[in-house]
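Please open the structure in your viewer and keep the selection tool at hand. The stops below follow one after another.

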Amino acid sequence: MLLLLLSLLLLLPLAVLLWWPRSRDARWSWLVCLQHRVAWGVLRWAAAWQQKRLAQSTLHAGQSQQQALRRCLQGAQGPRCPLRGSTDISTFRNHFPLTKASQAQEEESGGQPLSPTSNRYHGEASLQATLLGLAALNKAFPEMLAPGGTARVTTSSPWPYPLPWPWHALGQVSPTGAKDPRVLLLEALRSPGLQALEAGTAAELLDVFLDLEAHGEELAEAIAAGSPGAPLPRRAAELREALEQGTRGLALRLWPKLQVVVTLDAGGQAEAVAALGALWCQGLTFFSPAYAASGGVLGLSLWPEQPHGLYLLSPGAPFIELLPLKEGTWEEATPTVLLAEAQKGKEYELVLTNDASLTRCRLGDVVQVVSVYNQCPVVKFICRLGQTLSVRGEDTGEDVFSEALGRAVGQWPGAKLLDHGWVESRILDSSEGSAPHYEVFVALKGLRNLSEENRDKLDHCLQETSIRYKYLRFRGSMGPAQVHLVRQGAFRELRAALAACPTAPFPPEMPRVLRHRPLAQCLQRRVVS
């Protein structure tokens, strides 16, 4: 019935267009306007329906999770599922103990667990996230979905579910099916009235702006040439002028009406978001339509006007449990809790089960409950467990190291951190004749060389942040962290190497800790200082 309705909505404008006695240009403009209205009407109706379903499911979170578990078990009936339709939570937990993906598996799949398996589009949850995200954005930024108001500048989309017809009809300026990022960027640059800028992830958008600065003259010449019969010399001049004024605030100089940047939240993106917000996209709102992991869409983003990174954990599929943590660790006897049992202010590790693997997989993603929507928690991402280094049993985590690195970079004049990765010295055989230590690779903006004084500051900041690290350094059991500056594009090439793996998941997640020598050497070969 829904497909029939959509077909009628699409055929009606065409029939009227053929009958209406107007000039060709006037008829085409009228058709575009009508298609936009029809597309937005369909999306608004679908979003309202999803909003109603979400309200009902979150009001009865326990019952909704029972239904999600039942669908999960029914979808996996067979030798892997001994429960045969039982949805008792205690029985389910007894039959399926918690499992944890190995760090080696995480890195081979781009930082995400291989189990549960990853799908780019995960059915109803992804559709719900896309529709509700579009509705929330339209409410906060009404002009975003106006014809020609949005452009995507990467080949990947931040929206978890594809909506090809409505999205094209809403007037996105990006060419349909374009595979070359340069083509997408040129089309966006030709459109000075953009209200929203889209990219698959913040790291990809960072690459776009770095390329824009590196190849600005080439892009300006391409814009000046334009398409046959439609040169744009004035727009090319505006691009050159915007680039000459520097990095800070570049996006708003190129697109004065720009309001929001849409990217998908995936692990390892915090530094890219911070760099974009401080430099190129200064003054703009960042919005992610979902919190996604390798098993599917886990959280919904419904509040663009609130601080970036707040997500509602949905009680629908996939089935989510929360593992309570105390001071960042989990005790063996601690049972998981359901969404309705989560406590405000507490930290939990996400546990995911879907019908693809039927494995209660500890994802390693740690979240903190900041508020409650009906009976379901609203959370913010804290850190990733397993992203730790330990050369002498010190277990320095991603959050501790990132804090220390941030302090150190803050003391490097003119430097802005774009990306980083770190590795144990044994992986690169760099500790021969010296104490084991960390090898750190950084990408920076505003600093071309690292002095020895700058390098030493990271070691001092690590000692201030981690008592255990300071103790081992004092005893001489560990050597000072070695810092290396890599050239522009090094981390993009690392992400490409990770994405080339056949088991690479969606969304792409950047591992900070590199445990395989070929990946560490990928950065080592690109060191410039």
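Two strands count as paired if DSSP finds at least two bridges between them, and that criterion underlies the pairings on this tour of a predicted model.

Begin with the whole protein, where 18 helices and 17 strands can be displayed. Of its 529 residues, 51% count as buried, and the accessible surface comes to about 23,600 Å², of which 54% belongs to carbon and sulfur atoms. Among contacts between residues at least 6 apart in sequence, 69% join residues at least 24 apart.

Next, select residues 361–373, which make up strand 11, and add its pairing partners in turn. Residues 347–353 are strand 10, which runs antiparallel to strand 11 and is joined to it by five bridges; within this pair, look for Leu352, whose bridge partner in strand 11 is Cys361.

Now add residues 99–100, strand 1, which runs parallel to strand 11 and is joined to it by two bridges. Which residue of strand 11 is the bridge partner of Lys100? Selecting Arg362 shows that partner.

Finally, extend the selection to residues 376–384, strand 12, which is antiparallel to strand 11 and connected to it by eight bridges. In this pairing, Asp365 stands opposite Arg384 of strand 12. Follow the chain from strand 11 into strand 12, and you pass through a hairpin with two residues between the strands; centre the view on Asn374 in that turn, where phi is positive, at about 55°.

Definitions and conventions:
Residues are numbered from 1 along each chain as its sequence is written. This is a predicted model: local features need pLDDT of at least 70, side-chain atom pairs count only at pLDDT 80 or more; totals for chains, interfaces and linings use all residues. Side-chain values use heavy atoms; hydrogens and water are left out. Helices (H or I, at least four residues) and strands (E, at least two) are DSSP runs, numbered from the N terminus. Buried means under 20% relative accessible area, exposed over 50%, partly exposed in between (1.4 Å probe, protein chains only). Contact means heavy atoms within 4.5 Å. Accessible areas come from the Shrake-Rupley method with a 1.4 Å probe; for residues, only the protein chains shown count as cover.
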